[in-house]
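Me: I'd like a close look at a single part of this protein, please: the salt bridges. Once you have been through them slowly, tell me what else I should see in the same view.

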Amino acid sequence: MRTFTLTTPRQVGFAGVTAAVLGWTLISTAAVTLNAFAMSAGDQAATKTKAYYERLIADRQARLNSAVAELTETSGSLDGLASSIEKRHAALAMLLTTAGGAPGAMAALKPQAPPQGGSAVDQIRSVRMDQERLVAAAETFAKTRADRLRLAFRLAGLDPAAYSGRGVAGEGLGGPLIEAKDPSALAAILDVDEDFAGRIQSAAQDLNAMRSLASAAQTLPFQKPVAQPVKSSGYGVRFDPFTGRPAFHAGQDFSGGYMTPIYSTAPGVVSFTGVRSGYGNTVEIDHGKGFKTRYAHLQGISVAPGQRVGLGQRVGAMGSTGRSTGVHLHYEVWQNGRVQDPTRFLRAGDYVQQVS
């Protein structure tokens, strides 16, 4: 028999070792658990990305396989395949005509020259693949710009559907590309396969909306009234600089130098020039469709009532007339008789400029 006495120092030592082991175990377990969660989130993101690109590659491969299969089946009748290619080219020509004039369209939708020196089948395959590339580029080009313009109109509080009509007045936008009610009808009109016709029509519709919205944007007060705007007081409730009490401010103020040129923010007809109570020297412009703008505290006025003005035309010079504490422009936007926040229209104009 042997005895072992646990003295106080030994007990303290054993307790310390036990606590250290338990602490290390807990820390290791927590680290492993957190790492597992982190890897799980990362794996999920990687899986989603991988799945997206696999779908994209599969779609492109399916289209290429379809083209190769058609080439294989018709290898003994190149005339028939060449006729199909020509019909597709005719449809693409209509689409490119629709895109004509859109900023950046010609560079994005420029056809590639077929390779020289190859066999007839190789050249036809190259042309067919370039047609697929052109349709995909047209779809991306049109949708990206149309969506950005739609966002600009929404930022201004406007319904883009009300401005993306049948197209720009006086211009034919694609003829049957827009008129056909469904891809099968368009395929019959263009004498091409239904899938290709559907993609052509979708791109043409987005191009049509893009051009309609871009044209409408040029008639709305989306531009800045001064060349280098410095905002000094915004729209809404503020402390009145004269009374020191809260009061509603119906416009956007821009500070600047004495006699800084003031420009029309959209085409229209001058509906008023003169002095308005509190506003001092004022110019008001009717832009049509219920939109009006007001330019106040001017030192000089450059237009007359009834005069038609263009986008960016000088209408006056900055001053401090009327109820004003210093040189600045007070700018207002009205829609259907109600004052609006000019900042929304200025922000929309920034998006429109990015599309141009």
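Reply: Below, the salt bridges come first, and a helix, a pocket and a few single residues follow.

Happy to help! Please keep in mind that this is a predicted model, in which local features need pLDDT of at least 70 and side-chain atom pairs count only at pLDDT 80 or more, while totals for chains, interfaces and linings use all residues. Residues are numbered from 1 along each chain as its sequence is written, and side-chain values use heavy atoms, with hydrogens and water left out.

A salt bridge here is a side-chain nitrogen of Lys or Arg within 4 Å of a carboxyl oxygen of Asp or Glu. Counted this way, there are seven salt bridges. A good place to begin is helix α4, which covers residues 120–155. Helices are DSSP runs of H or I with at least four residues, strands are runs of E with at least two, and both are numbered from the N terminus. In α4, Asp147 forms a salt bridge with Lys143, with 3.3 Å from N to O. The two residues are four apart, about one turn of the helix. Asp147 also pairs with Arg150, at 2.8 Å from N to O. Because Arg150 and Asp147 are three residues apart in α4, about one helical turn separates them.

How covered are these side chains? Buried means under 20% relative accessible area, exposed means over 50%, and partly exposed is in between (1.4 Å probe, protein chains only). Asp147 is partly exposed at 32%, and Lys143 is partly exposed too, at 44%. Arg150, at 18%, counts as buried.

Now turn to Glu284 and Arg294, whose side chains meet in a salt bridge of 2.8 Å, N to O. Glu284 sits in strand β7 (residues 280–288) and Arg294 in strand β8 (residues 291–301), so this pair ties together parts that are ten residues apart in sequence. Both partners are buried: Glu284 has a relative accessibility of 11%, and Arg294 has 13%. Elsewhere, salt bridges with shared partners link Lys143, Asp147, Arg150 and Asp206 into one network.

Next comes helix α7, residues 194–217. The expected span of a helix is 1.5 Å times one less than its number of residues. For the 24 residues of α7 that gives 34 Å, and the end C-alpha atoms are 34 Å apart, so the two values agree. The helix is mostly covered, with 18 of its 24 residues buried.

The other feature to find is the largest pocket. Rolling a probe the size of a water molecule over the atoms shows where empty space is left. On a 1 Å grid over the protein atoms alone, a pocket is an open set of points where a 1.4 Å probe fits, with protein on both sides within 12 Å along at least five of seven lines, and lining residues have an atom within 4 Å of a point. The largest pocket has a volume of about 400 Å³. Its lining has 21 residues, and those nearest the centre are Arg238, His249, His297, Arg323 and His330. Strands β1 (230–233), β3 (246–249) and β11 (328–335) are the elements that each give two or more residues to the lining.

Finally, here are some single residues to click on. Gln252 lies in strand β4 (residues 252–255) and is buried at 3%. A polar atom of its side chain is 3.0 Å from the backbone oxygen of Ser233. Ser264, in the loop between β5 (261–263) and β6 (268–276), is buried at 1%. A polar atom of the Ser264 side chain lies 2.5 Å from the backbone oxygen of Ala266. Back in β7 you will find Asp286, which is partly exposed at 31%. The C-alpha atoms of Asp286 and Ser271 are 6.0 Å apart, although 15 residues separate them along the chain. In α4, have a look at Phe153, which is buried with a relative accessible area of 0%. Its C-alpha atom is 8.9 Å from that of Tyr163, ten residues away along the chain.

Technical notes
Grid points are joined across faces, edges and corners, and a volume is the space filled by probe spheres set on the points. A polar contact is a pair of N or O atoms within 3.5 Å; within protein, one must be able to donate a hydrogen and the other to accept it, and residues adjacent in sequence count only if both atoms are side-chain atoms.
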